[in-house]
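Here's a walk through one protein model, written for someone who'd rather look at the structure than at a list of numbers. Have the viewer open as you read.

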Amino acid sequence: MPTPSLAALPIRRLTLRDLTACADLSEDRGWPREEHKWGFLLTAGKGFGIDDPQGGLVAACVVTEYGAWGQPDLGAIGMVLVAERHARQGVGRRLMRHVVSTMGTTPLTLHATPHGRPLYEELGFKVTGRAEMLRGRFVPAGPEPGVSTRAATAEDLPRILRLDEEVFGADRTPLITRLPAFADQLRVAEENGQIIGYTAAWPNMDTHVVGPLIARDSETAKALIASLAAHTDRPLRTDIDVRHEELLAWAKAQGLASVAFNAVMTYGITDLPGDWSRRFAPLTVAAG
């Protein structure tokens with residue numbers, strides 16, 4: 001029986017049952033398997049994929065929606081992967097066109113590598129910002145940030161959600177309420193009984209990823225990162241908006257090194273909603 005052409009293979013929704021296939025696809029492209037992250041995204045977002053008749057997945061991606069149920073204000077696209085044996089045959093373009101069409105008039109955002117950026121530009125995405133990926137072992141240097149931080153409690157969650165929506169510009173309740181189970185640490189910065197920032201550290205292979213990172217100012221962001229570093233023996237990794245030059249310089253002075261730059265791109269809007277001055281790093285670049 002002849003093998004169907006790639007263009008004839010249907011695109012379907014992915015579920016947690018596809019977790020291993022998604023991790024296999026990551027590994028096929030030379031990425032870490034990232035099963036913990038895949039599981040989180042497939043639960044909190046919508047996965048799309050194309051099955052390979054010979055087994056596994058031809059391609060996959062995840063869309064995380066923010067805002068009212070059924071009427072999202074923003075959709076974040078991530079984990080766009082095509083199996084090496086099917087690369088450069090238009091599969092990624094077809095999958096992305098399907099996702100954009102499925103999302104209708106919902107504004108979209110994504111973080112693009114230099115390799116992926118031309119495809120997204122072809123589809124109508126525009127570069128609206130840039131993020132710098134840092135990685136390394138945190139070694140405290142210089143004066144300690146003078147902001148009080150502590151581990152978050154269940155009672156903090158409503159205040160964290162309010163702050164997050166105010167800064168992010170859309171309701172992320174389904175994502176943020178999963179943080180206590182997903183992350184190894186969830187911490188808040190506090191002043192006069194008010195939460196002025198929060199962050200999490202979640203495990204990804206041999207690192208702890210710092211994100212989301214929302215803070216009143218750079219000093220608060222520094223204190224939150226330092227507090228996470230004090231409670232882990234793993235290297236840290238994070239993706240910081242390049243406009244936060246002070247935080248980037250400080251993080252590099254503490255031992256984190258620049259690894260890569262990604263373009264922040266949008267579709268249907270000229271800029272991301274919310275307050276960028278208090279939005280320092282995403283939960284993950286795959287979910288905005």
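What follows covers the cavities, then a helix and some strands, then aromatic pairs and a few backbone details.

A word on ground rules: this is a predicted model, so local features need pLDDT of at least 70 and side-chain atom pairs count only at pLDDT 80 or more, while totals for chains, interfaces and linings use all residues. Residues are numbered from 1 along each chain as its sequence is written, and side-chain values use heavy atoms, with hydrogens and water left out.

**Cavities**

Let's start with the enclosed spaces. A cavity here is a set of points, on a 1 Å grid over the protein atoms alone, where a 1.4 Å probe fits but cannot get out; lining residues have an atom within 4 Å of a point. Grid points are joined across faces, edges and corners, and a volume is the space filled by probe spheres set on the points. Counted this way, there are two cavities of 30 Å³ or more.

The largest holds about 310 Å³ of space. It's lined by 23 residues, and the closest to its centre are His-111, Asp-241, Val-264, Leu-272 and Arg-279. Helices (H or I, at least four residues) and strands (E, at least two) are DSSP runs, numbered from the N terminus. Five strands each give at least two residues to the lining of the largest cavity: strand 5 (108-112), strand 6 (126-136), strand 10 (207-215), strand 11 (236-241) and strand 13 (279-281). Strand 6 has the largest share, with four residues.

The second largest cavity comes in at about 40 Å³. Its lining is made of Trp-202, Val-209, Val-210, Arg-237, Asp-239, Pro-282, Leu-283, Thr-284 and Val-285. Strand 10 and strand 11 are the elements giving two or more residues to that lining.

For the table, Ala, Val, Leu, Ile, Met, Phe, Trp, Tyr, Cys and Pro count as nonpolar, Asp, Glu, Lys and Arg as charged, and the others, Gly among them, as polar.

| Cavity lining | Nonpolar | Polar | Charged |
|---|---|---|---|
| Largest cavity | eleven residues | five residues | seven residues |
| Second largest cavity | six residues | one residue | two residues |

**Helix 5 and the strands around strand 8**

Helix 5 (residues 157-168) has twelve residues and spans 16 Å from its first C-alpha to its last, close to the 16 Å expected at 1.5 Å a residue. That expected span is 1.5 Å times one less than the number of residues. Buried means under 20% relative accessible area, exposed over 50%, and partly exposed in between (1.4 Å probe, protein chains only). In helix 5, the buried residues are Ile-160, Leu-161, Leu-163, Asp-164, Val-167 and Phe-168. Right after the helix, Gly-169 has a positive phi of about 90°.

Strand 8 (residues 185-191) has five of its seven residues buried, so it is largely enclosed by the rest of the structure. Two strands pair if DSSP finds at least two bridges between them. Strand 8 pairs antiparallel with strand 7 (residues 148-151) over four bridges, and Arg-150 sits opposite Val-188 there. With strand 9 (residues 194-204), strand 8 pairs antiparallel over seven bridges, and Arg-187 faces Thr-199.

The hairpin of strands 8 and 9 has two residues between the strands. One residue to look at in that loop is Asn-192, a non-glycine with a positive phi near 50°. Asn-192 is exposed, at 74% relative accessible area.

**Aromatic pairs**

Rings of Phe, Tyr and Trp (its six-membered ring) pair if their centres lie within 6.5 Å; planes under 30 degrees apart count as stacked, over 60 as edge-to-face and the rest as tilted. There are six such pairs. In one of them, the rings of Tyr-66 and Phe-168 have centres 5.1 Å apart and planes at 75°, so the pair is edge-to-face. Tyr-66 is in strand 3 (residues 57-68) and Phe-168 in helix 5, so the pair ties together parts 102 residues apart in sequence. Tyr-66 is buried at 1% relative accessible area, and Phe-168 is buried at 7%.

The rings of Phe-182 and Trp-202 have centres 5.0 Å apart and planes at 35°, so that pair is tilted. Phe-182 counts as buried at 5%, and Trp-202 is buried at 0%. Phe-40, Phe-182 and Trp-202 form one aromatic cluster.

**Two more backbone details**

The peptide bond from Gly-211 to Pro-212 is cis, with omega near 0°, and Pro-212 lies in strand 10. Arg-88, not a glycine, has a positive phi of about 60°.

How values were computed. On a 1 Å grid over the protein atoms alone, a cavity is a set of points where a 1.4 Å probe fits but cannot get out, and a pocket is an open set with protein on both sides within 12 Å along at least five of seven lines; lining residues have an atom within 4 Å of a point.
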